[in-house]
Structures are given as C-alpha cells and as structure tokens.
Amino acid sequence: MQDNTSPFGKKLTRIQYIQYALDKPGVLTVLPGIRGKHDLIDILKYTTATPEEKDYSIIGNFTPVDAEGKCVYCNHCEPCPAGLDIGLINKYYDLAVLGDNLAKDHYMNLEKKAGDCIACGHCNSRCPFKVDQVDRMKMIRDYFGE
Ligand code: SF4
Ligand code: SF4
C-alpha cells in the first residue's frame with residue numbers, strides 16, 4: 001500500500017499490517033497476495049519479527065480525530081500491573097456486544113478480567129489512541145458481571 005492510498009495517509013510496514021489485521025475482531029488468519037519469491041521472503045519475516053517490529057501503535061500519531069477513544073487491541077498500553085491482557089479483554093467485549101457467544105465464553109475463561117482492574121491509570125497514559133481504559137474496564141466489568 002502506498003502512502004496516498006493508506007486510510008491513515010501513511011503506510012505501515014508489512015509486518016505491522018499483518019499484526020493489525022490479525023488483531024481485528026473475528027480475524028483468524030491473513031492471506032497476503034504473493035507476486036513471487038521476493039514477496040514470500042518479505043512476508044515470512046513476520047514469523048520471526050520482534051514485538052517491537054509488530055507494534056503498529058504509531059498509527060495513533062496519524063489516525064483521524066474521530067478514531068480517538070477507540071481501542072484497536074494493540075496492547076501498546078501494557079504492561080498492566082494487575083496482569084490484565086487489555087487488548088484481548090477489549091476485543092472479547094466488542095465481539096460479545098455484537099452477539100458473539102464464543103467471545104463471551106473466552107472472556108469468562110480469562111484468568112484476569114476487567115473486575116481485576118485497580119484503576120491505576122497506567123494504560124490511559126500509554127494509549128496512543130487516547131482510550132479511557134479505566135472507564136472501559138468498569139463498563140466491561142459491569143457487562144460481564146466480573
Ligand atoms: S487501550 Fe489503547 S494502547 Fe491499549 S490496547 Fe486499546 S488501543 Fe491499544
Ligand atoms: S487501569 Fe486497570 S487495566 Fe489499566 S493498567 Fe491499571 S490495572 Fe491495568
């Protein structure tokens with residue numbers, strides 16, 4: 001994708017694009033287009049990429065204002081001192097609200113849930129999308145009951 005065709009006005013790396021797609025609700029796999037051996041070698045770099053190389057939170061710097069406040073499950077706000085997987089909790093919540101019972105089951109099986117949030121605010125200060133996660137964790141806890 002070129003800078004001028006990207007929805008964000010700038011392009012991410014292929015590794016970041018793959019991670020971004022995999023983090024979307026309901027996405028289990030990504031099948032990139034392959035034009036030849038060069039593309040294949042390039043895409044397979046994802047399998048050995050570091051967490052830093054997969055981190056696409058830079059899009060928080062160039063997302064439109066109306067995208068602010070929406071969790072994209074990137075986990076850039078980690079680590080959580082209470083041990084919550086913030087991105088996954090938000091993903092299961094968003095899916096459950098859409099009627100995905102499997103996501104609800106997955107949430108109920110998490111060891112740490114929104115109810116374990118101690119409202120320390122660390123994630124709020126780290127989130128590039130300006131998500132009020134302290135508030136969201138309360139909402140998620142109320143929705144699931146724990
Ligand atoms: S709260 Fe922000 S940093 Fe944390 S997972 Fe959501 S979008 Fe990413
Ligand atoms: S506010 Fe809650 S979810 Fe965020 S880092 Fe603190 S304990 Fe974790």
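Seven salt bridges turn up in a search of the whole structure, where a salt bridge is a side-chain nitrogen of Lys or Arg within 4 Å of a carboxyl oxygen of Asp or Glu. This is a predicted model, in which local features need pLDDT of at least 70 and side-chain atom pairs count only at pLDDT 80 or more, while totals for chains, interfaces and linings use all residues. Residues are numbered from 1 along each chain as its sequence is written, chains are lettered from A and ligands numbered from 1 in the order in which they are written, and side-chain values use heavy atoms, with hydrogens and water left out.

Here are three of the bridges.

| Pair | N to O distance |
|---|---|
| Asp42 and Arg14 | 3.2 Å |
| Asp39 and Arg35 | 2.7 Å |
| Asp142 and Arg141 | 3.3 Å |

Salt bridges with shared partners tie Arg14, Arg35, Asp39, Asp42 and Lys45 into one network. Burial varies along the way: Asp39 is buried because its relative accessible area is 4%, with buried meaning under 20%, exposed over 50% and partly exposed in between (1.4 Å probe, protein chains only). Its partner Arg35 is exposed, at 72% relative accessibility. Asp42, at 24%, counts as partly exposed, and so does Arg14, at 33%. Asp142 is exposed at 56%, whereas Arg141 is partly exposed at 35%.

Now to the helices, which are DSSP runs of H or I with at least four residues, numbered from the N terminus. Asn90 sits in helix H4 (residues 86-97) and is buried because its relative accessibility is 0%. A polar atom of the Asn90 side chain lies 2.8 Å from the backbone oxygen of Ile86.

Ile86 also belongs to the surroundings of ligand 2, together with residues including Cys80, Cys117, Cys120, His122 and Cys123; a residue counts as near if one of its heavy atoms lies within 4 Å. That shell holds ten nonpolar, two polar and no charged residues. Here Ala, Val, Leu, Ile, Met, Phe, Trp, Tyr, Cys and Pro count as nonpolar, Asp, Glu, Lys and Arg as charged, and the others, Gly among them, as polar.

Around ligand 1 you will find, among others, Cys71, Cys74, His76, Cys77 and Cys127. Its shell has nine nonpolar, three polar and no charged residues.

Finally, Ile34 lies in the loop between helix H1 (14-22) and helix H2 (37-44). Ile34 is partly exposed, at 43% relative accessibility.

Key
Helices (H or I, at least four residues) and strands (E, at least two) are DSSP runs, numbered from the N terminus. A polar contact is a pair of N or O atoms within 3.5 Å; within protein, one must be able to donate a hydrogen and the other to accept it, and residues adjacent in sequence count only if both atoms are side-chain atoms.
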